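Let's take a walk through a protein model and see how its pieces fit together. Keep the 3D view open while you read.

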There are 4 protein chains.
Amino acid sequence: MDSYPIASAAVLARAQAVRLMIFDVEGVLTDGSLHYGPDGEAIKTFNVLDGLGIKLLQRAGIATAIISARSSQNVARRAADLGISHLFQGVHDKAAAFGELLQQLGLGADLAGFIGDDIIDLPILRRVGFAASVPNGHIEVRNRVHYVTTAAAGNGAAREVCDLILRAQGRHEDILAAYLT
Amino acid sequence: MDSYPIASAAVLARAQAVRLMIFDVEGVLTDGSLHYGPDGEAIKTFNVLDGLGIKLLQRAGIATAIISARSSQNVARRAADLGISHLFQGVHDKAAAFGELLQQLGLGADLAGFIGDDIIDLPILRRVGFAASVPNGHIEVRNRVHYVTTAAAGNGAAREVCDLILRAQGRHEDILAAYLT
Amino acid sequence: MDSYPIASAAVLARAQAVRLMIFDVEGVLTDGSLHYGPDGEAIKTFNVLDGLGIKLLQRAGIATAIISARSSQNVARRAADLGISHLFQGVHDKAAAFGELLQQLGLGADLAGFIGDDIIDLPILRRVGFAASVPNGHIEVRNRVHYVTTAAAGNGAAREVCDLILRAQGRHEDILAAYLT
Amino acid sequence: MDSYPIASAAVLARAQAVRLMIFDVEGVLTDGSLHYGPDGEAIKTFNVLDGLGIKLLQRAGIATAIISARSSQNVARRAADLGISHLFQGVHDKAAAFGELLQQLGLGADLAGFIGDDIIDLPILRRVGFAASVPNGHIEVRNRVHYVTTAAAGNGAAREVCDLILRAQGRHEDILAAYLT
């Protein structure tokens, strides 16, 4: 029997408080690849495990959002497929977008989680109650977050964080039970 | 001389009984990547080793099927190329599709195999005689199947299961002999 | 100082005799991925290291060829870019195509090399003087060839074989010297 | 706390002198994959971590350039997005292009850095003050450069070199501080 990646009690407590989970796109929901055609990015590669994790968060009543420095119709389409209504693309000041989102939802930063991979994500990562990164994230980021996933970006990292939140909040067993009847 | 991945006698007995092998798509026949263009999924990436394995199963008289939660013309095309006639896409209730397929073929669940990667696959995995998953499958799935492949999804995992079935049924040596004359 | 992968004296002697090197496509020049769009394969992914290796073989007077079970315009285009004039696609009987190619070139099988990954490649692999495969090749193939590359398919495996041949024939030092002036 | 990959004092001194950093494309800014459609290369896959690194170099006043043997509109578009104004594509004589670039900028070769992966890059690598390569680079290249990245090509190798230069020049702390306010 394999086990879930280990999370400390402190990390579980932070995950337990999350009412809003925010995802960076490149290097988190994707592996960081930018597939260019002659007119710029042609394809954006997401992961099926992550998709179900985000849907499970939503079913558990947790708000989901994307804040990304880049912008593409491919991301808009993926967000629509996943029912992510809070979509901030082409964001140059990530902290400002984050503040705006909190205000929209009437939440404090301590109830928010964010997973990012590069130094431009630090302004949000330093503010949220639950800050996460990925194995291939920039070292200055990995050294400043509460949790670094075992799974790689674009290959289940986001799902690992979703599962962690659901388990910390005692919601995972019910979800699983529905598939075991 | 390298060897095939080890399978227990119990697993071999289950593989020996298989008359119908069912494959999940995302995260099994693919590595779980979803390649999005502006209008949704543009490309679906399969593997050539898996393709030959599925054809060899068919030549040995074993029925092959796909049951997938998602739906795309790319998968339909791949299934057609491989001669997989039992194609269930866009399936929300996987157990129901599974029951329908068994009825079509007049087979009991104990003569069916299924390889899946996520918790939505558990309703089928719990019913089949031979349940398999992949190294990157969800932990709740990997902990509940009879066999987890050594090869990664989208990189030979399905082929490994096909070879296991053919070997358990004593069909692999004849297949190989045809290429060694 | 890193070193080239180790090859036995017997392998080097076989590589030294090669006057014609034949490459399989899927799982050798590519990593085995089949990128499907709605009308079948849309993209075929090759590797830049392999390309230079094949050109260097040609400059050394060694004939290069492709024999593949599948067929696509993408492969034809890549072969044209690399100057591979002997292109056999959509081949069902690989041994027959191999025999035809030998006759065209007036060469014996002992002067030919082939690198393949799956059991359908065995009829050629058993006949050539120098048989090679890749780390992700089928176990029945890897156990029957003279040399298995260290580099992965689609990530330098073909280049490793080209370098091995050029080094065995004493041609690599001159090639390198031209870039060190 | 993880640390940056180790660089010797000699390597840091070379990185400190860099006023111009030149990047090879295939196998450095990409993982070496060539995604072919029927009319040749359709997609070129870059990495988001590398992109930010190149922009940070520019902000620090270091000139950035691309010298590549191949040529595609996809690379031109990526270079434009990153503000790389010195773009040399379809270059057969890399040393000549390098000399032309130095003359344009009025710089000596000892103030230039180059990261490349194959033997055709040796003429530049032997001339620059700071020569770098990647883990999957050709062995004859890796054995002749000052620094081989820990990160893989197309997955942060270029960023690692950018960070190394910025740190050697004492510019990285200011950049980071801006994201930690």
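Is Lys94(A) buried or exposed? With a relative accessible area of 4%, Lys94(A) is buried, because the cut-off for that word is under 20%. Bear in mind as you read on that this is a predicted model.

## A charged pair tucked away

So what does Lys94(A) do with its charge? Side chains of opposite charge can pair when their charged atoms come close. Lys94(A) makes a salt bridge with Asp121(A), and the closest N and O atoms are 2.5 Å apart. This pair ties together distant parts of the chain, with the two positions 27 residues apart. Lys94(A) belongs to helix H5 (residues 94–105) of chain A, while Asp121(A) sits in the loop between strand S6 (112–115) and helix H6 (122–125) of chain A. Asp121(A) is buried as well, because its relative accessibility is 0%.

A search of the whole structure turns up 40 salt bridges over all chains, and the next sections visit a few more.

## Around Glu26 and Ser68 in chain D

Over in chain D, the side chains of Lys44(D) and Glu26(D) form a salt bridge of 2.3 Å, N to O. Again the pair links distant parts of the chain: Lys44(D) is in strand S3 (residues 40–47) of chain D and Glu26(D) is in helix H2 (residues 25–29) of chain D, 18 residues apart. Both Lys44(D) and Glu26(D) are buried. In chain A, salt bridges with shared partners connect Glu26(A), Glu41(A), Lys44(A) and Arg70(A) into one network.

Glu26(D) has another partner too: its side chain makes a polar contact of 3.3 Å with the side chain of Ser68(D). You'll find Ser68(D) in the loop between strand S4 (63–67) and helix H4 (73–82) of chain D. Ser68(D) counts as buried because its relative accessible area is 0%. Setting aside neighbours within four places in sequence, its contacts include Asp24(D), Val25(D), Phe88(D), Gly90(D) and Lys94(D).

## A helix that is mostly covered

Now hop to chain C and look for helix H8 (residues 157–168). Its twelve residues span 17 Å from first C-alpha to last, close to the 16 Å expected at 1.5 Å a residue. Eleven of the twelve residues are buried, so H8(C) is mostly covered. Among the buried ones are Ala157(C), Val161(C), Cys162(C), Leu164(C) and Ile165(C). Just after H8(C) comes Gly170(C), which has a positive phi of about 70°.

This helix holds a salt bridge of its own, between the side chains of Asp163(C) and Arg159(C) (3.3 Å, N to O). An α-helix has 3.6 residues a turn, so residues three or four places apart point the same way. Asp163(C) and Arg159(C) are four residues apart in H8 of chain C, so about one helical turn separates them. Both ends are tucked in: Asp163(C) is buried at 5% relative accessible area, and Arg159(C) is buried at 3%.

## The sheet in chain B

Chain B shows off an open sheet of six strands with parallel pairing, in the order S5-S4-S1-S6-S7-S8. S5 (86–88) and S8 (147–148) are at the edges with a single partner strand each, so one side of each has no neighbour in the sheet.

Let's zoom in on S6 (residues 112–115) of chain B. Ala112(B) and Phe114(B) point one way, Gly113(B) and Ile115(B) point the other way, and all are buried. Four bridges join S6(B) to the parallel strand S1 (residues 20–23) of chain B, and there Phe23(B) stands opposite Ile115(B). Three bridges join S6(B) to the parallel strand S7 (residues 130–133) of chain B, with Gly113(B) opposite Phe130(B). Moving outward, two bridges join S7(B) to S8(B), where Ala132(B) faces Tyr147(B).

## How the chains go together

Finally, zoom out. A 90° rotation with 0.0 Å of shift along its axis lays chain B on chain A with an RMSD of 0.0 Å. That is the relation of a four-fold axis. The C-alpha in chain B nearest this axis belongs to Ile43(B), 6.2 Å away from it.

Which chains don't touch? No contact joins chain A and chain C, and none joins chain B and chain D. In each case the closest C-alpha atoms lie 12 Å apart. Only 7% of the interface residues of chain B are also interface residues in chain A, so the copies meet through different surfaces.

Methods. Residues numbered from 1 in each chain as written. Chains lettered and ligands numbered in written order. Predicted model: local features only at pLDDT ≥ 70, side-chain atom pairs only at ≥ 80, totals over all residues. Heavy atoms only, no water. Buried < 20%, exposed > 50% of the residue type's maximum accessible area, 1.4 Å probe, protein only. Pairing = 2+ DSSP bridges. Polar contact = N/O pair within 3.5 Å; in protein donor to acceptor, adjacent residues only side chain to side chain. Contact = heavy atoms within 4.5 Å. Least-squares fit on C-alpha atoms with pLDDT ≥ 70 in both. Expected span 1.5 Å × (residues − 1). Salt bridge = Lys/Arg side-chain N within 4 Å of Asp/Glu carboxyl O.
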